[in-house]
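Dear colleague,

I am handing over the structure we spoke about, and you will find it directly below. After it I have set out what was found, element by element, so that you can follow along in your viewer.

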Amino acid sequence: MKHFISIQDFGLDEILDILEEAQEMVSYAEERGQPSWPARNPLAKVTVLMMEPSTRTRISTCQAGELMGLRVEAIVGMDATSFAKKESFIDGMRTLAEEGTDVLAVRTEWAGGARMASEVYDRMGYATSVINCGDGPNRHPTQAMLNFLTIMMRLGRVHDFCIGFVGDLRYSRTIHSDLDMIQLLNQRFGDIRIKAVSVPEAALYEWQKIGLDVQESDSLEFLSDCDIVCATRIQKERYTDKNELKKVQGRYSIDVRALSKVLRDNVLIMHPGPRGPEVAPEISEDRHVIMWKQMGYGVPARMAIIRRCFEGRLGKVAALEDALCVLKTIVEESVESRLVKREAGEGAFRYFMPITERGMVIGHLSLGAGDRVKHLLKKHAGLRGDEGCIHVHEGVKVAKGTPDERRKDVVVLEGQHIGQGFYGPIRFMEPDVTFNVIKGGTFTKVKADMPNALPAGIFKCPNDDCITNRDPEAKARFYVQGDMAVCSYCCRPHSRQDIIEKM
Ligand code: NCD
């Protein structure tokens, strides 16, 4: 592996291998020993760049790098960097690789930052690995590794338990990575039960639960049968609405009463830190509270991850998959016979098909969509958009006697065709679209299946906190799930409507 961006990028065996290696690193971390490994290079460098505050992740990553025998440079305080001069994120990433970073451990306030950095390195051929140390509210996969290392060390297994999450489930990136981990483990073992306690404003969004069976409640009593309770701080900095913040702050506190009256006697209380009132100060040193030992396991977990990334940095990285869109030809005939039909007044084409030589008619677009498709094609497809080259016909009747609401927009391209890459995005925007291609004396009517992905740079991510909206070079890319477009960077699903509105 070259990068460590999300648990979702891996199969379970690989994750279990890393956890096993992390277990082997525990004694080195605890005794300040240095494991020997042949590929180690004492001049190689780990750069730790925390663009958001960090204590545990920063210090344990530095410690892990040093115990692995690598040089470590931690960049602390963005005011001392050129980011304070508004240098772009991607330029900063290039600078670090060019100046000798072998492994970059990075935290950003924007979702998708680490993924974006890894893609820049792969594209430019840098042998620099990226470790995601938290990207906005999205993911924090190294924290999930140390959480499950902790569970492994305490229970001797990483399945067959009931785990409860309490606090800010919506914005807590650590919990999102824990859920990725559980999803992976449950695919094989199927015996981790998940409980969640939060108020509605801090609850998981529906899309964050896809593929998971999460039982939810707003009462701590609900966690009475949990073997493990993971509490999390309210992620104050992610709330733009202060009223919402008020509703979620201070709602839950695991205190002496909860420990003695509500939770199981052998429950383990975990917390990624920093803690708020959700783990009451009065139980800080209680035997159930293992958050201190948990943070200690951050060192061996990150040692294992750094070793893998360092060794994998020279490896080949699979190219990003192209967006695919299956096209089905539903009519193919000579332009001549088509023209005869047009003369005879059959079919909708009698209204608008002026093309006989070369061109395209994009039909069955909903009312108002013609202009949007024209805009997309002019902006991205390199088509000539001057008068006479692209016509939009609004509200064309699709068949005789069709009621007005069935009127459709049509876009006519004269003397030009769209590239294959544009069928998918237009199909995503307009489910009924038909593509009529006139070329070399043949008329072909094509329907497109829903594409598997939307290529980079055509649509914007509607999530303002996505890295793609925070760097002048960054371009959003989506994969399509059902009729939702999921951003490859911030991982949020967006409806067709949201994507169209942000065009
Ligand atoms: C967490 C983080 O930064 O996401 N802390 C950590 O890395 N251990 C949790 C938090 O900030 O609440």
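Please keep in mind throughout that this is a predicted model. I begin at Gly 190, which lies just after helix α6 and takes a positive phi of about 65 degrees.

The helix that precedes this glycine, α6, covers residues 173–188, and its 16 residues reach 24 Å from the first C-alpha to the last, which is close to the 22 Å expected at 1.5 Å a residue. Because 12 of these 16 residues are buried, α6 is largely enclosed by the rest of the structure. The buried positions include Arg 173, His 176, Asp 178 and Asp 180, which carry polar side chains in your residue list, as well as Ile 175, Leu 179, Met 181, Ile 182, Leu 184 and Leu 185. What do the buried residues of α6 pack against? Their surroundings are made up of two helices, α1 (12–31) and α5 (141–155), together with the strands β3 (103–108), β4 (129–135), β5 (161–166) and β6 (192–197).

Two of those strands, β3 and β4, lead on to the sheet. It is an open sheet of 4 strands in the order β2-β1-β3-β4, with parallel pairing. Since β2 (71–75) and β4 stand at the edges and each has a single partner strand, one side of each is left without a neighbour in the sheet. Neighbouring strands here are turned by 15 degrees against each other on average, with direction ignored. Between β3 and β4 the parallel pairing runs over 5 bridges, and within it Leu 104 has Val 130 in β4 as its bridge partner. Helix α4 (residues 113–124) packs on this sheet, where it touches both β3 and β4, and its direction makes about 165 degrees with that of β4.

Further along the chain, strand β13 (residues 408–414) deserves a separate look, as it is mostly covered, with 6 of its 7 residues buried. Which strands pair with β13, and in what sense? Strand β11 (residues 359–365) pairs with β13 in the antiparallel sense over 5 bridges, and there the bridge partner of Ile 362 is Val 411. Strand β12 (residues 390–396) is likewise joined to β13 by 5 bridges and runs antiparallel to it, with His 393 standing opposite Val 410.

With best regards

Note on methods: Residues numbered from 1 in each chain as written. Predicted model: local features only at pLDDT ≥ 70, side-chain atom pairs only at ≥ 80, totals over all residues. Heavy atoms only, no water. Expected span 1.5 Å × (residues − 1). Buried < 20%, exposed > 50% of the residue type's maximum accessible area, 1.4 Å probe, protein only. Contact = heavy atoms within 4.5 Å. Pairing = 2+ DSSP bridges. Axes fitted to C-alpha atoms, helices over the stretch in contact; angles between N-to-C directions.
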